[in-house]
Amino acid sequence: MNIDGVSTGIVLDHIKAGKSMQIYELLRLDKIDNCVAIIQNADSSKYGKKDIIKIDQLIDLDLDILGYVDSNITVNIVKDGKLHEKKHLALPETLTNVIRCKNPRCITSVEQGIVHVFKLVDKEKKVYRCAYCDAEHKL
């Protein structure tokens with residue numbers, strides 16, 4: 001299959017196979033006016049299979065969401081058909097409004113409009129804790 005390159009926009013590469021639709025939804029890419037291409041299960045010499053998302057527009061991306069879903073993603077910024085910048089992600093120290101606390105007694109479950117904040121407590125096991133009630137959330 002042949003997919004054209006992006007002349008000006010963003011290419012999210014090295015997404016773990018099967019995670020592209022989750023990223024599409026979390027980044028709300030359905031709300032932008034330009035073309036978005038999702039390539040699933042592409043061959044990868046490094047990972048075996050991978051997903052790729054191509055966005056035909058320069059937009060602000062929440063790198064915390066991307067790092068949380070898959071910290072191996074490479075964000076390629078393309079301008080005038082040439083690679084302008086390449087960003088490598090890491091697991092974010094703090095997540096704001098990315099995940100929700102499942103503790104029914106947490107203030108975020110009771111009160112409307114409270115920001116959901118989670119702090120990374122164990123990088124190797126990818127464990128986050130709610131900033132309000134200390135409930136654990138694992139990836």
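How many helices and how many strands are there in the protein? The predicted model has three helices and nine strands. The legends below go from the whole chain to single residues.

**Figure 1. Overview of the predicted model.** From the N terminus on, the order of the elements is β-α-β-β-α-β-β-β-α-β-β-β. Along the principal axes, the C-alpha atoms of the protein fill a box of roughly 50 × 35 × 25 Å. The protein has 139 residues, of which 37% count as buried. Its exposed area is about 8,800 Å², with 44% supplied by carbon and sulfur atoms. Among contacts with a separation of 6 or more, 53% are between residues 24 or more positions apart.

**Figure 2. The open sheet of five strands.** The strands of this sheet follow the order S2-S3-S1-S4-S5, and their pairing is antiparallel. Strand S2 (36–44) and strand S5 (82–88) stand at the edges; each has a single partner strand, so one side of each is left without a neighbour in the sheet. On average, and with direction ignored, neighbouring strands of this sheet are turned by 20° against each other. Strands of a sheet pair through backbone hydrogen bonds, in a parallel or an antiparallel manner.

**Figure 3. Pairing of strands S1 and S3 within the sheet.** Strand S1 covers residues 9–16 and strand S3 covers residues 48–55. The two strands run antiparallel and are joined by five bridges. At one position of this pairing, Ile-15 stands opposite Asp-51 in S3.

**Figure 4. Surroundings of Tyr-24 in helix H1.** Helix H1 spans residues 20–26 and contains Tyr-24. Is Tyr-24 buried, partly exposed or exposed? Tyr-24 has a relative accessibility of 21% and therefore counts as partly exposed, as buried means under 20%. With residues up to four places away in sequence not counted, Tyr-24 touches Leu-29, Asp-30, Val-36, Ile-38 and Ile-53. One of these, Ile-53, is 29 residues apart from Tyr-24 along the chain, and the C-alpha atoms of the two are separated by 8.3 Å.

**Figure 5. The loop between strands S4 and S5, with Asp-80.** Asp-80 is placed in the loop that lies between strand S4 (74–79) and S5. The relative accessible area of Asp-80 is 70%, so this residue is exposed. Asp-80 touches Ser-7 and Thr-8, if residues up to four places away in sequence are not counted. Between the C-alpha atoms of Asp-80 and His-116 the separation is 38 Å, with the two residues 36 residues apart along the chain.

**Figure 6. Pairing of strands S6, S7 and S8.** Strand S6 (residues 94–96) pairs with strand S7 (residues 117–122) in the antiparallel sense, over three bridges. Thr-94 has Lys-119 in S7 as its bridge partner. S7 also pairs with S8, again in the antiparallel sense, over four bridges. Here the bridge partner of Leu-120 is Tyr-128 in S8. S7 and S8 form a hairpin with four residues between the strands, where Lys-126 takes a positive phi near 55°.

**Figure 7. The aromatic pair of Tyr-68 and Tyr-128.** One aromatic pair is found in a search of the whole structure. The rings of Tyr-68 and Tyr-128 are arranged edge-to-face, at 6.0 Å centre to centre and with 70° between the planes. This pair links distant parts of the chain: Tyr-68 belongs to helix H2 (residues 63–69) and Tyr-128 to strand S8 (residues 127–130), 60 residues apart. Tyr-68 and Tyr-128 are both buried. Tyr-128 is also the residue in S8 that serves as bridge partner of Leu-120.

**Figure 8. Cysteines Cys-101, Cys-133 and Cys-35.** The number of disulfides in the structure is zero. Why is the sulfur of Cys-133 not bonded to the closest cysteine sulfur, in Cys-101? The two sulfurs are 3.5 Å apart, which is too far for a bond, because a disulfide requires sulfur atoms within 2.5 Å. Cys-133 counts as partly exposed, at 27% relative accessibility. Cys-35, at 52% relative accessibility, counts as exposed, since the class begins over 50%.

Methods: Residues are numbered from 1 along each chain as its sequence is written. This is a predicted model: local features need pLDDT of at least 70, side-chain atom pairs count only at pLDDT 80 or more; totals for chains, interfaces and linings use all residues. Side-chain values use heavy atoms; hydrogens and water are left out. Two strands pair if DSSP finds at least two bridges between them. Axes are lines fitted to C-alpha atoms, for helices over the stretch in contact, and angles run from 0 to 180 degrees between N-to-C directions. Rings of Phe, Tyr and Trp (its six-membered ring) pair if their centres lie within 6.5 Å; planes under 30 degrees apart count as stacked, over 60 as edge-to-face and the rest as tilted. Buried means under 20% relative accessible area, exposed over 50%, partly exposed in between (1.4 Å probe, protein chains only). Contact means heavy atoms within 4.5 Å. Accessible areas come from the Shrake-Rupley method with a 1.4 Å probe; for residues, only the protein chains shown count as cover.
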